[in-house]
Amino acid sequence: MIINYCIAKLNKFLASQVKRPSVRYWNEPQKEDKSRDGENTGEAAVQQDRRAKKRKQKDETSAEKKLFSEKSDPFPGSAPIPKDRLQKFKRKDKITKPPRHYRKLKQVITRSEEASDLALKQAARFDLLLPEDAGFLEGDEDEDTCTISQEDIAEAVDITSGAKYFNLKLTQFGPYRVDYSKTGRQLLLGGRRGHLACFDWQTKQLMCEINVMESISDVKYSATSFLQYLDVSTGKEVAAICTKTGRLDVMCQNPHNAIIHLGHSNGTVTLWSPNQKEALVKMLCHQGGVRSVAVDKMGNYMVTSGMDKKLKVFDIRALKPLTSYFLPAGASCLSLSQRGLLSAATGDVVQVSQDVWSTPVTKPYMAHRVRGSVWGLQFCPFEDVLGVGHGEGFTSMLVPGAGEPNFDGLDANPYRSAKQRQEWEVKALLEKIQPELISLDPTDLGRVDRATFEQRHQEKVQSLGFDPHAKEKFVPKFKKKGRSSAGAVERRKKQVAHVDQRVSNPE
């Protein structure tokens, strides 16, 4: 069997050799010419395909410019965007272009500005798709909105919104300080006599409750002269700064740059960062002690109240006062909402005002009287709710137009599930920045420290004894037969200078 198989294979091989035509040396150039002709025809086909594609694209663009009636589009291009809407989503000013010899840096800056302009235009166009609008109270012709009571508002709104107005009678351990979570779902109450409770204020479900058996000044910090930073993810102390200004009863954080604002008994407000032992800014705001401080979410304006019975609005960017109001009894607590409403508590009366930094306020937007003196208040994020802690418990007020109606689900989602909350916690830990990056101007992180660069360059020159980046001075060689005359030497110097300029500036 093996022999027969081998014989069959041999016969098949011989038959293939017989059928194969013999190749002569004079036939080889013809074969090369045919291959070249095939290559030429292939290139011609590729060029024809490219021309056809260009013709097709041209026809499509011309078809887009015309309507079915063979008329040109009267409104070519994209729809225009109003300037006020572009200003609303503006991120930063344009960066000055570097010199021409920084070609790569110039290209990077150009691409970054193009991407920023595209994002700005898209955000301005998508502003029309936001589903919710902020609504405010509108009274009759001769009716002031501040005279409308909370009971009337609760009866006029739907059942879900009306349930957000409630009172907690807690007379044993008050008065209370108030704090909402970032999503506005949880509420934390801290009583002066040690009572500490956290619960879901919408479902009224208690999460935890404890009595610390000591006086609680606030639910965020201790009333000492030390400002302490604690990393809650690792449990380590980041910094402990002695302010040397006595007991600290007033503190607020700037949401824009994470700078801490402290109010002191001598009428000054100081700004602090965990990477410096001294105050970044000291501002004399009042003639008496500072009672409360509030900063808006964009970090542009600061509102303060003092013992001199004045309420002042400051522009943090310029560190200058804008407006000042006189209150007969003074304001003990301040809070700013996401939509710019200001709530001020004077005794047992809570007043809410609109646009305190743009237009002068003549009368409040809303007013409400609680049971007992107000000890703390804060607006709930993404809700038209103001939480007030007073001597006899807690009151949840309805303030139409206070909360942001459209939330970013990737930042703070008030309707997130337990799994989404766990994923958000992991993401927050991974994206957490170091405390050394907290500064007064967050845009400094993207700038080049030219002073440090020049200092390092000088140190390098001193250590080496020469400048490694400096170019050697061109000294022309001496040539005979009259080729080293003064004019010839100058021409050679200019030629070398032109060559160096082309190399440094390829554009």
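**Exercise 1. Find which residues Asp 467 touches, not counting residues up to four places away in sequence.**

Step 1. Start with the place of Asp 467, which is the loop between α8 and α9. Helices here are DSSP runs of H or I with at least four residues, strands are runs of E with at least two, and both are numbered from the N terminus.

Step 2. Now look for contacts, meaning heavy atoms within 4.5 Å. Beyond its sequence neighbours up to four places away, Asp 467 touches His 457 and Val 461.

Step 3. Check the backbone too: the C-alpha atoms of Asp 467 and His 457 are 8.4 Å apart, with their positions ten residues apart along the chain.

Step 4. Asp 467 counts as partly exposed because its relative accessibility is 30%; the class runs between buried (under 20% relative accessible area) and exposed (over 50%), with a 1.4 Å probe and protein chains only.

A word on the model: it is predicted, so local features need pLDDT of at least 70 and side-chain atom pairs count only at pLDDT 80 or more, while totals for chains, interfaces and linings use all residues. Residues are numbered from 1 along each chain as its sequence is written, and side-chain values use heavy atoms, leaving out hydrogens and water.

**Exercise 2. Decide whether Asn 254 is buried or exposed, and list what it touches.**

Step 1. Go to the loop between β8 (250–253) and β9 (260–263), where Asn 254 sits.

Step 2. Asn 254 is buried, because its relative accessible area is 2%.

Step 3. Leaving aside residues up to four places away in sequence, the contacts of Asn 254 are Ile 259, His 261, Val 295, Asp 296, Gly 299 and Ile 316.

**Exercise 3. Work out which parts of the chain the salt bridge between Asp 231 and Lys 432 ties together.**

Step 1. Recall the rule: a side-chain nitrogen of Lys or Arg lies within 4 Å of a carboxyl oxygen of Asp or Glu.

Step 2. Asp 231 and Lys 432 form such a bridge, with 2.9 Å between the closest N and O atoms.

Step 3. Asp 231 belongs to strand β6 (residues 226–231) and Lys 432 to the loop between α7 (418–430) and α8, so the bridge ties together parts 201 residues apart in sequence.

Step 4. Lys 432 is partly exposed, given its 35% relative accessibility.

**Exercise 4. Trace the salt bridge between Arg 339 and Glu 404, and find the network it belongs to.**

Step 1. The N to O distance between the side chains of Arg 339 and Glu 404 is 3.5 Å.

Step 2. This pair links distant parts of the chain, 65 residues apart: Arg 339 is in the loop between β16 (333–336) and β17 (342–346), and Glu 404 is in the loop between β22 (393–398) and α7.

Step 3. Compare the partners: Arg 339 is partly exposed at 39% relative accessible area, whereas Glu 404 is buried at 16%.

Step 4. Salt bridges join Lys 297, Arg 339 and Glu 404 in a network.

**Exercise 5. Place the salt bridge of Arg 421 and Glu 425 in its helix.**

Step 1. Their side chains meet at 3.0 Å, N to O.

Step 2. Both Arg 421 and Glu 425 lie in helix α7, four residues apart, which is about one turn of the helix.

Step 3. Arg 421 is partly exposed, with 36% relative accessibility, and Glu 425 is partly exposed with 36% as well.
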